[in-house]
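Let's take a walk through this structure together, one region at a time. Have the sequence and the 3D view ready, and look up each residue as it comes along.

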Amino acid sequence: MSVEMNTKNGQITISTEVISTVAGGAAVECYGIVGMASKNQLRDGLTEMLKKENFSRGVVVRQEDDHVHIDMYIIVSYGTKISEIAHNVQSQVKYTLSKTIGLNVDSVNIYVQGVRVTGDD
Amino acid sequence: MSLQELDGKTFAAMVVQGSRYLSNNAQMIDALNVFPVPDGDTGTNMNLSMTSGQQEVKNVTTDHAGDVAKALAKGLLMGARGNSGVILSQLFRGFSKSLEHKTTITTVEYASAMKQGVETAYKAVMKPVEGTVLTVAREASEEAEKAAEEEKDFIPFLERVVKAAKKSLDHTPELLPVLKEVGVVDSGGQGFLTIYEGFLSNLKGEEVPEADSGVSMDDMVSAEHHKLNQDFMDTADIHYGYCTEFMVKFEEDKLQETPYDEEAFREHLSEFGDSLLVVSDDELIRVHVHVEEPGRALSLGQQYGRLTNIKIENMREQHTSLVGEASSPSKEKSEYGIVTVAMGDGVKKLFESLGASVVIEGGQTMNPSTQDLSKAIEQAHANRVIILPNNKNIIMSAEQAAEIAEDQVTVVPSKTIPQGMSAMLGYSPESTMEENKQAMTSMMSDVKTGQVTYAVRDTSFNGMTIEKDHFMGIFDGDITVSNPERLDVAKGLLSEMIDEDDEILTIIYGEEVTEEELAEMKDYAEAEFEEMELEIHEGGQPIYSYIFSIE
């Protein structure tokens, strides 16, 4: 599947894989995120952290008519203000997508799938 | 006063002062915000986070340093806003953890608390980005560890920490490309430094200065422009066309008439401009504003004193050239391009009308270099480029340029302007490079070239003596006629050149030829060679008064 944009010079087609990788990349650079979780593993009730090269799997890109929605499954660090981190991820992902691919997404939905407690807590 | 142990009250006072420092500088820090999202809120966010931390600290009733640190961490966590706020809360969360059971703090303990704060902060991110507040905090804490071994007193200790943080902050543009591009330091890092400057000034017993000049105006101006460039896609969208910067040196008598009020001044300016930055102290005001009428802004400033360091730039022009630069390389390469060398505007136009893509200025006395030719090849922006040197001295450099070019380039060795022009007639965009080269070269050999010019020194050629400043006629490279009168030379040369097989005579006259002379020339040619078709063009070339092309 891919997202299509119509411009006056023709059509631009961007595969969802590209979008999810860019979105995932933006998210893991965001402070407070310690990992992405795969959506598929939810069935088993397990939230496993994805390996770095795999983080696009924690991102789901949906296209409804002309609207693009992104769902992100994240794991955050314990002892942080999670609501604020989720908010930061939203704005950073939205900004990065519009800057690098020129794609304006309608929503970035954040699913906090886990909290990781780091060593000294 | 020596201060070897921090108690809760002292630390709390430090925090309060740090927070106040930050809040005074929040606006400036906002202006620096270009990363990760250039929304200009870092200062505001950090300030809100820190204010929340500070309020929590004020509620602490004991004199226990660990409790104060814990309260700070709690307040920061609850009030964390934005990326920088969250990071700040983590830095102090680790910090407070380390000091949990300490009633008072030594420099060594403080340093190790900073270190733990940094460790905690780094743990909460998968992919730390260097060149941000994280880097500044880490490098400051590294220096703190070293400093703590030597300094037992908090004032010199914190002085070193602040110095290291400043150094680290100045280095952030090297680590994070977007900062360097815009020409600013990291906003979060600046916030961190500001807090520490507040800590230090409290220990030293200094007053809180009004908005600190720690952030340079230049940085803020760069950041403003960066935000603007992001906003404007089209030059037509610019409402305020002139970037206006100036300083006002206060003058006593003027101030008596119109007392200076920064708030009012700001408001007044913002009525007819945006991207406004005003920084003032007792002696001067520095202003940066985008307006449509720069004069109004200047007059407004002039009410308070003398104007200095005025800089006004037309942003529309800058933007147009910026947009132009960005869009031109994206143009698609054409299949064929022709690069040629000519002197004189008229000759240049003739070549362009024949289909040349780039005409380089040059000729007999001014041979273009290989580099000039290479540049022209690039400009032609084509997959295949043909060069017509139009002069035998340029053929060599043209061949060199062809060799080093990345595109497919060939040289059709035209030695004169008429040869170049006839060669153009043999060119066909549908043919291959080889076919074109052949066709063009064979067209070239069908044309006879005559040139009329003057001698720069006495000389002799083929038994003919030529005096300096006399005119001479050159027929395909050989001097055939010489005479003090230009018109006589031209006539003589034509009769030498033309035989009964010729059909077309083209005259390209140079910049020295007068109208009367040209009229006489025309009458002569029409009368003498009535069988031939005559074409006359203004070449505007120097040195050669006439160029004849005969086919």
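In this predicted model, the largest nonpolar core holds 101 residues, and those touching the most other members are Ala27(A), Ile33(A), Met72(A) and Ile74(A). Although these four belong to chain A, the element that gives the most to this core is helix α1 (residues 8-32) of chain B, with eleven residues. A second core lies apart from the one just described; this other core has 59 residues, including Ile417(B), Met443(B), Val489(B) and Ile507(B). As background, nonpolar side chains tend to be buried together in soluble globular proteins.

Stay with Ala27(A) for a moment. Which residues does Ala27(A) contact, once its neighbours within four places in sequence are left aside? They are Ile33(A), Met36(A), Met72(A), Ile74(A), Val89(A) and Val93(A). The chain around Ala27(A) has 121 residues, and 39% of them count as buried. Chain A is built from two helices and six strands, which follow the pattern β-β-α-β-β-β-α-β along the sequence. If you take the contacts in chain A between residues at least 6 apart in sequence, 64% of them join residues at least 24 apart.

Now look at where the two chains meet. Here 19 residues of chain A are in contact with 20 residues of chain B. On the chain B side, helix α4 (residues 82-99) provides the largest share, nine residues. By class, the chain B side comprises ten nonpolar, five polar and five charged residues.

Further along chain B you will find a pair of packed helices. Two packed helices are described by the angle between their axes and the distance between the axes. For helix α6 (residues 133-150) and helix α7 (residues 154-175) of chain B, the axes come within 8 Å and cross at roughly 145°. The crossing of α6(B) past α7(B) is right-handed. Among the residues making this contact are Ala140(B), Ala144(B) and Ala147(B) from α6(B), along with Val161(B), Ala164(B) and Leu169(B) from α7(B). Altogether, the contact has eleven nonpolar, three polar and three charged residues.

Next comes a sheet in chain B. Its six strands form an open sheet with mixed pairing, in the order β13-β12-β9-β16-β14-β15. Why do β13 (478-483) and β15 (533-538) of chain B each have one side without a neighbour in the sheet? These two strands stand at the edges and each has a single partner strand, so nothing in the sheet flanks the other side. From one strand to the next, the twist averages 20°.

Inside this sheet, strand β14 (residues 504-509) and strand β16 (residues 546-550) of chain B run antiparallel and are joined by five bridges. In β16(B), Ser549(B) is the bridge partner of Thr506(B). Strand β12 (residues 471-475) of chain B also pairs with β13(B) in the antiparallel sense, again over five bridges, and Phe475(B) has Asp478(B) as its bridge partner in β13(B). The hairpin of these two strands has two residues between them, and Asp476(B) takes a positive phi near 45° there.

Finally, find Phe461(B) in strand β10 (residues 459-461) of chain B. Is Phe461(B) buried or partly exposed? With 14 other C-beta atoms within 10 Å, Phe461(B) is partly exposed. Beyond its neighbours within four places in sequence, Phe461(B) contacts Ile466(B) and Ile479(B). Phe461(B) and Ile479(B) are 18 residues apart in sequence, while their C-alpha atoms are 7.0 Å apart in space.

Conventions. Residues numbered from 1 in each chain as written. Chains lettered and ligands numbered in written order. Predicted model: local features only at pLDDT ≥ 70, side-chain atom pairs only at ≥ 80, totals over all residues. Contact = placed C-beta atoms within 7 Å. Helix = DSSP H or I, 4+ residues; strand = E, 2+ residues; numbered from the N terminus. Nonpolar A, V, L, I, M, F, W, Y, C, P; charged D, E, K, R; others polar. Axes fitted to C-alpha atoms, helices over the stretch in contact; angles between N-to-C directions. Left-handed = near helix turned anticlockwise from the far one by under 90°. Pairing = 2+ DSSP bridges. Buried ≥ 20, exposed ≤ 12 C-beta atoms within 10 Å, placed from the backbone. Core = buried A, V, L, I, M, F, W, Y, C linked by C-beta atoms within 7 Å.
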